[in-house]
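Subject: The structure I promised you

Hi there,

Here is the structure I said I would pass on. Could you open it beside this message while you read?

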Amino acid sequence: MALTLYVDTARWRAHHQSVLQQFPGIVPVCKGNGYGFGHERLADEAARLGADILAVGTTYEAARIKDFFSGDLLVLTPFRHGEEPVPLPDRAIRSVSSVEGVGGLVGARVVIEVMSSMKRHGVTPEDLPKLAAAIEDVRLEGFAIHLPLDRTDGSDAVEEVIGWMDRLRAARLPLHTMFVSHLKAEELARLQQQFPQTRFRARIGTRLWLGDHEATEYRGSVLDVTRVAKGERFGYRQQKAASDGYLVVVAGGTSHGVGLESPKALHGVMPRAKGVARAGLATVNRNLAPYVWSGKQRWFAEPPHMQVSILFVPSDAPAPQVGEELVAHLRHTTTQFDRIVDR
């Protein structure tokens, strides 16, 4: 009995091809938990796409994935002086976000990140005069810019990239390759048309692997079903059942990522009101579970355990049977499955 990730493989790969057609020269991203699929699986899928380079989050991820992907490995986390050295092959490319970082990677292959409106990390316009000398000691693979997902000020992503292209050109820095993130296909095409001598390469993870929501589905196996009466105590904390119903033990707990949720940026009155309502329910131990049964998302009977969750299904709904599977709406980037099934 398991928490299973089912993949409609033909549909999933068809989506990959559609993204590849929109973004020629794509750099697939495989970081964290491999977007829910695992590093080995995504390395294989990237090779299937014909990718010559795979972007990973950290040097530790690069060390793990190097045996599964034979092309170049672009480490997205910038190099920092004093970091723990991790043995990597020559095909590894390090990101750097400062002149000092470039100086610490003599002889290495590097991509230099520029500071975008994300304000996260990157060289600044004031750093550019110092870069010309610093890059003489490294093998420069190109520059990179990581753009925000939302532009609430109405600014243009393409104009932001153009601004940096103009600065780099004015500083007489080589512009043979620019790695970009979070651009639309038409925006990438505009840039390529305006700068035909530069190769723009889109680093894409979420849109590539998770862009077709109907291609994948999590399901948890029902392990036990126990009838309870109103007022009857149950569980670790011996809470009382609020009404007659069933306690449903289903595969998937905290070790799988069930019950974990990333903070969300809420925009608008209605989403904020729903957030307040959820928070209010949580204070009285009412937390919505990701599992769906009989057409409804069900409530946790108590906080999820390490490997299973206990749901409460009221008596006006049919009781699931042991061995049945419940659809689970889980976030791929925080979920660890027991098994993956291609179908």
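Below is what turned up in it, from the whole chain down to single residues.

First, please keep in mind that this is a predicted model. The average pLDDT of the protein chain is 93, and 92% of the residues reach at least 70. One stretch falls well outside that picture: over residues 272-284 the pLDDT is below 50, and beyond near neighbours in sequence the stretch has 5 contacts in the model. Where pLDDT is low, the predicted coordinates should not be read in detail.

**The chain as a whole**

The protein chain holds 9 helices and 18 strands, and its C-alpha trace spans about 75 × 45 × 40 Å along the principal axes. Of its 343 residues, 46% count as buried. Taking contacts between residues at least 6 apart in sequence, 67% join residues at least 24 apart. About 17,400 Å² of the chain is exposed, with carbon and sulfur atoms supplying 52% of that area. As for charge, there are 41 positive and 39 negative side chains, and the centres of the two sets lie 4 Å apart.

**Salt bridges**

Side chains of opposite charge can pair when their charged atoms come close. A search of the whole structure gave 18 salt bridges, and three of them are worth a look on screen.

Start with Arg-11 and Asp-212, whose closest N and O atoms are 2.7 Å apart. Arg-11 sits in helix α1 (residues 9-22), while Asp-212 belongs to the loop between α8 (206-210) and β10 (216-228), so this pair ties together parts that are 201 residues apart in sequence. Arg-11 is partly exposed at 38% relative accessibility, whereas Asp-212 is buried at 15%.

Next comes the bridge between Glu-45 and Arg-13, with 2.9 Å between the closest N and O atoms. Here Glu-45 is in helix α2 (residues 39-48) and Arg-13 in helix α1, so the pair ties together parts that are 32 residues apart in sequence. How buried or exposed are the two partners? Glu-45 has a relative accessibility of 1% and counts as buried; Arg-13, at 24%, counts as partly exposed. Both residues also belong to a network of salt bridges that links Arg-13, Arg-41, Glu-45, Arg-48 and Asp-342.

The third pair is Arg-339 with Glu-325, where the closest N and O atoms are 3.9 Å apart. Arg-339 is in strand β18 (residues 339-342) and Glu-325 in strand β17 (residues 325-328), 14 residues apart. Both count as partly exposed, Arg-339 with a relative accessible area of 40% and Glu-325 with 22%.

**Helix α2**

Two members of that network, Arg-41 and Glu-45, are also among the buried residues of α2. The others in the buried set are His-39, Leu-42, Ala-43 and Ala-46. What do the buried residues of α2 pack against? Their partners are α1, β2 (27-28), β3 (53-56), α3 (59-65), α8 and β18. After the helix comes Gly-50, which has a positive phi near 85°.

**Two buried residues to look at**

Tyr-218 lies in strand β10 and is buried, at 3% relative accessibility. Leaving out residues up to four places away in sequence, Tyr-218 touches Thr-4, Leu-5, Gly-36, Leu-326, Val-327, Ala-328, Leu-330, His-332, Thr-335 and Phe-337. Between Tyr-218 and Pro-290 the C-alpha to C-alpha distance is 10.0 Å, although they are 72 residues apart in sequence.

Glu-187, in helix α7 (residues 185-194), makes a contrast with Glu-45. Which buried residue has no salt bridge? Glu-187 is buried without one, and Lys-184, the nearest side chain of opposite charge, is 4.2 Å away. A salt bridge requires the nitrogen and oxygen to be within 4 Å. Aside from neighbours within four places in sequence, Glu-187 is in contact with Ala-157 and Val-158.

That is the tour; happy to go through any part of it with you.

Best wishes

Note on methods. Residues are numbered from 1 along each chain as its sequence is written. This is a predicted model: local features need pLDDT of at least 70, side-chain atom pairs count only at pLDDT 80 or more; totals for chains, interfaces and linings use all residues. Side-chain values use heavy atoms; hydrogens and water are left out. pLDDT is the predictor's confidence in each residue, from 0 to 100. Contact means heavy atoms within 4.5 Å. Helices (H or I, at least four residues) and strands (E, at least two) are DSSP runs, numbered from the N terminus. Buried means under 20% relative accessible area, exposed over 50%, partly exposed in between (1.4 Å probe, protein chains only). Accessible areas come from the Shrake-Rupley method with a 1.4 Å probe; for residues, only the protein chains shown count as cover. Lys and Arg count as positive and Asp and Glu as negative; His and the chain ends are not counted. The place of a charge is taken as NZ of Lys, CZ of Arg, CG of Asp or CD of Glu.
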